[in-house]
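Me: I should like a close look at a single part of this structure. Please describe one strand, its surroundings and the aromatic rings linked to it.

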Amino acid sequence: MTSKGERVFQDFVYSLLQGTDEFVIATLKSYCDKLVAKNELFSWSDERWRRSRNDTICTIVAAYIQYFHPTSRLSIDGGGPLLKRFLVKVPIDDERGSFIIFNNNKFTGTQLLERTGSENDVRRLIAIANSFGIQKPTIHRDLTKEKMMETINKENSNFQATIQILFVAIMSHGDKGDKIFSRDCQRMDLYDDIIYKFCDSPHLLLKPKIFFVQACRGETEHVDIPTLRTDGQEQSSVVKRTSISNLYIFSATIPGFVTYREEKKGAWFIDALHQSIEEFIMTKSSFTLSKISEKTVSTINNITKEYNSKRIDATSRHLVPSFLQCGCENDVIFIVQ
């Protein structure tokens with residue numbers, strides 16, 4: 001199996017961890033639990049592991065221990081062909097996971113319009129957090145730039161060593177160059193002022209940090225639609241810092257383009273994201289961030305088709321979200337229990 005390539009091998013281990021073969025899982029469970037009970041130390045540098053480095057059982061055992069016994073002294077340092085994905089049990093409780101929502105809906109002055117319908121998106125994001133098992137998501141509304149920076153620093157100081165995964169949703173008007181508007185109409189750099197700040201927390205080092213961004217990234221669109229609003233005012237200005245690790249960013253649109261929000265229903269992107277995650281969890285299917293991305297794109301296509309079918313003119317709307325990974329090659333597996 002390992003000779004067929006790393007991805008094939010990873011998918012094989014993934015299928016086992018989903019419980020598709022109960023006999024294999026039961027056998028591995030008995031074997032691994034005995035190792036943990038004995039508190040035996042193993043490392044990829046140890047002779048017995050070096051000899052069987054390409055053995056399927058060796059990597060499956062390591063993956064099992066990483067998932068089911070994360071606090072054991074068993075070492076899997078060195079990696080080898082170990083499953084290159086984070087394994088996250090669902091439901092996640094509020095101790096192991098944090099879900100933070102920023103929604104700038106109303107703005108001072110007349111430069112930016114109220115983002116009518118965005119509270120529907122807040123409700124959907126709360127539902128997403130609850131579906132993951134996080135019952136108390138933190139919600140911040142209509143923050144000035146100064147207050148937003150202060151809030152991010154405070155959130156960082158509140159993280160505990162037990163946290164395993166972070167979700168952050170950012171919703172506001174946006175502009176080209178990945179700029180986000182605060183309540184007082186100040187431009188904030190999405191990466192330097194917001195996302196990278198969360199990466200500075202020592203408790204989040206090497207742990208998945210997932211961002212959902214509902215904001216325009218430019219001005220490209222076709223025509224104005226009375227009940228369809230945009231969340232905006234060039235290409236992305238992402239500067240990858242070497243200290244960034246395990247960062248995953250879902251954006252409602254690609255650089256240079258607007259994203260859409262219906263006044264009564266809310267944003268297409270958040271709606272599609274909610275539908276996609278709910279479907280995976282309701283069917284108790286294990287899934288990855290990559291699968292969420294694929295499913296969200298498919299759901300958005302269905303939403304746009306439905307919207308366009310109701311239009312009486314020839315114009316149509318399309319939305320292409322983006323999924324970016326920074327500082328990692330890993331995917332995240334959510335295993336629904």
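Reply: The following account treats strand E4 and then the aromatic rings. The model is a predicted one.

Strand E4 spans residues 165-171, and seven of its seven residues are buried, so the strand is largely enclosed by the rest of the structure. In a regular strand the side chains alternate between the two faces of the sheet. Both faces of E4 are covered: Ile165, Phe167, Ala169 and Met171 are buried on one side, and Leu166, Val168 and Ile170 are buried on the other.

Two strands that pair with E4 may be described next. Strand E2 (residues 97-103) pairs with E4 in the parallel sense over seven bridges, and Leu166 of E4 is the bridge partner of Ser98. Strand E8 (residues 209-214) also pairs with E4 in the parallel sense, over six bridges; here Ala169 stands opposite Phe212 of E8.

Phe167 and Phe212 belong to a cluster linked by ring pairs, whose other members are Phe99, Phe132, Phe250, Phe280, Phe287, Phe323 and Phe334. The whole structure holds 14 aromatic pairs. One of them is formed by Phe250 and Phe323, which are stacked at 4.5 Å centre to centre with 25 degrees between the planes. This pair links distant parts of the chain, with Phe250 in strand E11 (residues 247-251) and Phe323 in strand E16 (residues 322-326), 73 residues apart. Phe250 counts as buried at 2% relative accessibility, whereas Phe323, at 25%, is partly exposed. Phe280 and Phe287 have ring centres 4.9 Å apart and planes at 15 degrees, so this pair is stacked; both residues are buried.

Note on methods. Residues are numbered from 1 along each chain as its sequence is written. This is a predicted model: local features need pLDDT of at least 70, side-chain atom pairs count only at pLDDT 80 or more; totals for chains, interfaces and linings use all residues. Side-chain values use heavy atoms; hydrogens and water are left out. Buried means under 20% relative accessible area, exposed over 50%, partly exposed in between (1.4 Å probe, protein chains only). Helices (H or I, at least four residues) and strands (E, at least two) are DSSP runs, numbered from the N terminus. Two strands pair if DSSP finds at least two bridges between them. Rings of Phe, Tyr and Trp (its six-membered ring) pair if their centres lie within 6.5 Å; planes under 30 degrees apart count as stacked, over 60 as edge-to-face and the rest as tilted.
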